[in-house]
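Biologist: I should like to understand how the descriptive terms for a protein model are justified. May we go through them one at a time?

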Amino acid sequence: MQDLFSENSANLTHLDAQGQAQMVDVSGKAATVREAVAVGQVRMRPETLVAIQAGNTPKGDVLATARIAGIMAAKQTANLIPLCHPLPLQKVTVEITADPLLPGYQIEATVKTKAETGVEMEALTAVSVAALTLYDMAKALEKSMQIESIRLVSKTGGKSGDYTNLGF
């Protein structure tokens, strides 16, 4: 089993020759502009959506708090996700849009840097924490809300090139 693992581990950048987790050495890579966009959603009952839109929630401004939490989370990704590199982020935006057809909210995070590695994890972390914060801020109204479909939709820059996935 170890021999098969050793053979395949050459392609796994986060594993050393012994199969141990390691932080990837990006010191030889050029710093380039990189951007990633991630999305997710929070599904809820229609009356919960109406209450949030009206600002009628016990904890205050749900959307502003969730937006700020998402931005702060992107900046802390290296502290939350093992083996992520701390990156100088030049741009983090979190947009939270009401979707009556869901019903609930669509969340989109865009993260941009000029660095040796990408910002996909920062964008995904921003969406995740924004969704969790939205849930926390509105759970007094509804505990059955569902956080769904968190995914990367695009990334630009880096050795692996551009990626787009709009097929959900």
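Biologist: In what order do the elements of the chain run from the N terminus on?

Modeller: This is a predicted model. The elements run α-β-α-α-α-β-β-α-β-β from the N terminus on, and they come to 5 helices and 5 strands.

Biologist: What makes β2 and β5 edge strands of the sheet?

Modeller: The sheet is open, has 5 strands with antiparallel pairing, and follows the order β2-β3-β1-β4-β5. Both β2 and β5 (163–164) have a single partner strand, so one side of each is left without a neighbour in the sheet; they therefore stand at the edges.

Biologist: How do you know that β2 and β3 are paired?

Modeller: Two strands pair if there are at least two bridges between them. β2 and β3 have 10 bridges, in the antiparallel sense, so they meet that criterion. I96 stands opposite I107 in β3, and the bridge partner of L89 in β3 is T113. The two strands also form a hairpin, with 4 residues between them.

Biologist: Over how many bridges do β1 and β3 pair?

Modeller: Strand β1 (residues 32–43) and β3 pair over 12 bridges, again in the antiparallel sense. One of the bridge partners is Y105 in β3, which is matched with V42.

Biologist: Why is K114 called exposed?

Modeller: A residue counts as exposed over 50% relative accessible area. K114 has 52% relative accessibility, so it counts as exposed. This residue lies in strand β3 (residues 104–115). Leaving aside neighbours within four places in sequence, K114 is in contact with A31, T32, V33, P88 and Q90.

Biologist: Why is T125, by contrast, called buried?

Modeller: The term buried applies under 20% relative accessible area. T125 has 8% relative accessibility, so it counts as buried. T125 is found in helix α5 and, leaving aside neighbours within four places in sequence, is in contact with A73, T77, L80 and I81. For the chain of 168 residues, 38% count as buried.

Biologist: How do you know that the span of helix α3 agrees with what is expected?

Modeller: Helix α3 (residues 62–75) has 14 residues, which at 1.5 Å a residue should span 20 Å; the end C-alpha atoms are 20 Å apart, so the two values agree.

Biologist: Which residues of α3 are buried, and what makes them line one face of the helix?

Modeller: The buried residues are V62, L63, A66, A69, G70, A73 and A74. Seen down the axis of α3, they fall within an arc of 135°, so they line one face of the helix. As a general point, an α-helix has 3.6 residues a turn, so residues three or four places apart point the same way.

Biologist: What covers the buried residues of α3?

Modeller: The cover includes α2 (46–54), α4 (77–80), β2 (89–99), β3 and α5 (120–138).

Biologist: How do you know that D61 caps the N-terminal end of α3?

Modeller: A polar contact requires N or O atoms within 3.5 Å. A side-chain oxygen of D61 lies 3.3 Å from the backbone nitrogen of L63, so the distance falls inside that limit.

Biologist: What share of the contacts between residues at least 6 apart in sequence joins residues at least 24 apart?

Modeller: The share is 69% of such contacts in the chain.

Definitions and conventions: Residues are numbered from 1 along each chain as its sequence is written. This is a predicted model: local features need pLDDT of at least 70, side-chain atom pairs count only at pLDDT 80 or more; totals for chains, interfaces and linings use all residues. Side-chain values use heavy atoms; hydrogens and water are left out. Buried means under 20% relative accessible area, exposed over 50%, partly exposed in between (1.4 Å probe, protein chains only). Contact means heavy atoms within 4.5 Å. The expected span of a helix is 1.5 Å times one less than its number of residues. The arc is that of the directions from the helix axis to the C-beta atoms. A polar contact is a pair of N or O atoms within 3.5 Å; within protein, one must be able to donate a hydrogen and the other to accept it, and residues adjacent in sequence count only if both atoms are side-chain atoms.
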